[in-house]
Amino acid sequence: MRLVWALRSALFVLWMALTVVPWALAVLAMSLFVSSTTLYWACVGWLRLAMWGCRVFCGVVPRVRGMEHVPSAADARGAVLLAPKHQSTWETFAFPTLMPHPLAYVFKRELLHVPFFGWAMGRLDMIHIDRSRRAEAWNKVAEQGRRLFAEGVWVIMFPEGTRTPRGSQGAYKNGAARLAAATGVPIVPIAVASARCWPRRSFLVRPGIVDVSIGPPIASAGREPDALMREVEAWIEAEMRRIDPEAYRDAA
């Protein structure tokens, strides 16, 4: 069975490699002529292609609950800050294909050096930071976050900062809560059981269902960031134990 998974995963990786090069080159060319919003949705086109490959080659199927908690494409309720659990590359690729509004990721600038994929990312209006310069990084997040929210773009930040193994909990950092509190934008907590199929630091993808549970927006206006993040953390971790109980059985 493991050999079958490895072969299917290899086909998926090959699919991504073969499609990302021409797509990225097209995006680089388009960036000279089109708006940032048009360019964003062009990039989402490749992510849809990647997620299609994940489903077809590896048998990974998303199951999403709680979409009513985020504004639709025609809804004028305003911006939100998405704060998902981070277990895998899967959610990094999947969220732009699931959400009705453009997303701006906060990510380390080293990713811009990844051939083709990183070059295309560099053309998008996102927030890339130098983690070694914390004060400068936060100022950039705050400044660009305010601008993006005003333009109708949602910011997405992984509170744990890095991918965590299935059934574990990373340290929740308060950067997302600081940005939300500073701008008055509500935080939408999201539980994602992606490591069930696609573990971190691995391209061995197993067939199965990735459960995504989107929680009600948590108001941020007038809140202290630490207390706000603790509320986000409590919701996500409780929901993770509900949607993926097998992963937490030993910890119970």
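A polar contact is a pair of N or O atoms within 3.5 Å; within protein, one atom must be able to donate a hydrogen and the other to accept it, and residues adjacent in sequence count only if both atoms are side-chain atoms. With that in hand, start at Ser-202, whose side chain reaches the backbone nitrogen of Leu-204 at 3.0 Å. The model you are looking at is predicted, so local features need pLDDT of at least 70 and side-chain atom pairs count only at pLDDT 80 or more, while totals for chains, interfaces and linings use all residues. Residues are numbered from 1 along each chain as its sequence is written, and side-chain values use heavy atoms, with hydrogens and water left out.

Ser-202 sits in the loop between strand E6 (187-192) and strand E7 (208-214). Helices (H or I, at least four residues) and strands (E, at least two) are DSSP runs, numbered from the N terminus. With 22% relative accessibility, Ser-202 counts as partly exposed; buried means under 20% relative accessible area, exposed over 50%, and partly exposed in between (1.4 Å probe, protein chains only). From Ser-202 to Trp-138 there are 64 residues in sequence and 30 Å in space, C-alpha to C-alpha.

Now turn to helix H1 (residues 2-30), where you will find Leu-11. The expected span of a helix is 1.5 Å times one less than its number of residues. For the 29 residues of H1 that gives 42 Å, and the end C-alpha atoms are 41 Å apart, which agrees. Even so, H1 has a kink of about 30° at Val-20, shortly before the proline Pro-22; the bend at a residue is the angle between axes fitted to the seven residues ending there and the seven starting there. Among the buried residues of H1 are Phe-12, Met-16, Val-20 and Leu-28. Leu-11, in contrast, is partly exposed at 45% relative accessibility. Together with Leu-14 and Leu-18, Leu-11 makes a nonpolar surface patch of about 300 Å². An α-helix has 3.6 residues a turn, so residues three or four places apart point the same way.

Helix H3 (residues 89-98) is another helix to visit: eight of its 10 residues are buried, so H3 is largely enclosed by the rest of the structure. Trp-90, Phe-93 and Phe-95 are among those buried residues. At the N-terminal end of H3, Ser-88 acts as a cap, with a side-chain oxygen 2.9 Å from the backbone nitrogen of Trp-90.

Finally, look for salt bridges, where a side-chain nitrogen of Lys or Arg lies within 4 Å of a carboxyl oxygen of Asp or Glu. The whole structure holds 13 of these salt bridges. One of them joins the side chains of Asp-125 and Arg-147 (2.8 Å, N to O). Asp-125 lies in the loop between helix H4 (117-122) and strand E4 (127-129) and Arg-147 in helix H5 (residues 134-150), so the pair ties together parts that are 22 residues apart in sequence. Arg-147 also meets Glu-151 in a salt bridge (3.4 Å, N to O). Elsewhere, Arg-223 and Glu-231 pair up at 2.9 Å, N to O. Salt bridges that share partners also join Arg-63, Arg-65, Arg-166, Arg-196, Asp-211 and Asp-244 into one network.

Technical notes: Patch = residues over 30% accessible without salt bridge, like charges linked within 9 Å, V, L, I, M, F, W, Y side chains within 5 Å. Areas by Shrake-Rupley, 256 points an atom, 1.4 Å probe, with all protein chains shown as cover.
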